[in-house]
Amino acid sequence: NFESPNGIYQLNLEMNETTTLVDGLAACASNAMDFRDEALYSPRLFEGKVVKLDLANKSTVSYISTGMVVPNAVKFNSKGELFVVDPGAGQVFQIDLENPDLENNREIGATPPFMFIDNLAFDKDDRLYISSVARASLIEVLGVTDFRVSSPGILSLPTGVAVLDGVVYTVNPNVFYGYNADTGEEVTIVEPAIGTADLRQPTAVIAWTEGRLFQCSFI
């Protein structure tokens, strides 16, 4: 809900008790958090920021990094280094937690191939993996622009279909696909980042008049 306030809550599974940590956050403001040293670290998608929620200090919120496009997930590796996925920028950044210049305290850790990235994880050897629900794929980061495909991309969550001029079109909330109707080859793809493009979160597509397509969006 883009209007109603949201919050962050702590659930005690043994006591079945819920404690409110932060209340009144607008527009699903936190996502894919990580925990370290009695604090939660979270991206704020629609603010372009990463914040720290200090649980040892009355859930005090402070900014960690600002000026991003659509930060979507954060994760620490075993060395305590913080990484953030920004699908709006199409990149993964490493944040320097000691740098007070919040607009410039990060460096590029990975620039994946053309795909809508959404989450990340480290294995026991600190190898970095990036996921894309839009492409139903998973890649391992070998270098800033060097990757290994762990799980190849395929069609993901199609929510509409249309055929026009020999091309089959379909969409999911993050991708607009086009496939050759005879060969199945992917011939068109548009991956709009949330909040940064006119085509945002498409949910349906139909063939329209004069060789045009008509699509509906979630927002």
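In which loop does Asp-37 lie? The legends below take up this question along with other views of the model, which is predicted.

**View 1. Asp-37 in the loop between strand 3 and strand 4.** Asp-37 lies in the loop that runs between strand 3 (34–36) and strand 4, and its phi is positive, at about 50°, although the residue is not a glycine. Most residues other than glycine have a negative phi. Because its relative accessibility is 65%, Asp-37 counts as exposed, the cut-off for that class being over 50%.

**View 2. Asp-165 in the loop between strand 15 and strand 16.** Another aspartate, Asp-165, has a phi near 50°, which is again a positive value in a residue other than glycine. Asp-165 is placed in the loop between strand 15 (161–164) and strand 16 (167–172), and because its relative accessibility is 70%, this residue counts as exposed.

**View 3. The largest nonpolar core, with 12 residues.** The aromatic members of this core are Phe-83 and Phe-122, and they are joined in the set by Ala-73, Val-85, Val-92, Ala-110, Ile-117, Leu-120, Leu-128, Ile-130, Ile-139 and Val-141. At least two residues of this core come from each of strand 8 (82–86), strand 11 (119–122), strand 12 (128–132) and strand 13 (137–143). A second core, separate from this one and made of 11 residues, has Ala-39, Tyr-41, Val-50 and Ile-95 among its members. In soluble globular proteins, nonpolar side chains tend to be buried together.

**View 4. The largest cavity and its lining.** The structure holds one cavity of 30 Å³ or more, and the volume of the largest cavity is about 30 Å³. Its lining consists of Ile-8, Val-22, Ser-30, Met-33, Ser-42, Arg-44, Val-51, Leu-53 and Val-61, a set that divides into six nonpolar residues, two polar residues and one charged residue. Strand 4 (39–44) and strand 5 (49–54) each supply at least two residues of this lining.

**View 5. The protein as a whole, as the setting for the close-ups, with 20 strands and zero helices.** Of the 219 residues in the protein, 40% are buried. The protein exposes about 12000 Å², of which carbon and sulfur atoms supply 51%. Among the contacts between residues at least 6 apart in sequence, 33% join residues that are at least 24 apart.

Key:
Residues are numbered from 1 along each chain as its sequence is written. This is a predicted model: local features need pLDDT of at least 70, side-chain atom pairs count only at pLDDT 80 or more; totals for chains, interfaces and linings use all residues. Side-chain values use heavy atoms; hydrogens and water are left out. A nonpolar core is a set of buried Ala, Val, Leu, Ile, Met, Phe, Trp, Tyr and Cys residues joined through side-chain atoms within 4.5 Å. Buried means under 20% relative accessible area, exposed over 50%, partly exposed in between (1.4 Å probe, protein chains only). Helices (H or I, at least four residues) and strands (E, at least two) are DSSP runs, numbered from the N terminus. Contact means heavy atoms within 4.5 Å. Accessible areas come from the Shrake-Rupley method with a 1.4 Å probe; for residues, only the protein chains shown count as cover. On a 1 Å grid over the protein atoms alone, a cavity is a set of points where a 1.4 Å probe fits but cannot get out, and a pocket is an open set with protein on both sides within 12 Å along at least five of seven lines; lining residues have an atom within 4 Å of a point. Grid points are joined across faces, edges and corners, and a volume is the space filled by probe spheres set on the points. Ala, Val, Leu, Ile, Met, Phe, Trp, Tyr, Cys and Pro count as nonpolar, Asp, Glu, Lys and Arg as charged, and the others, Gly among them, as polar.
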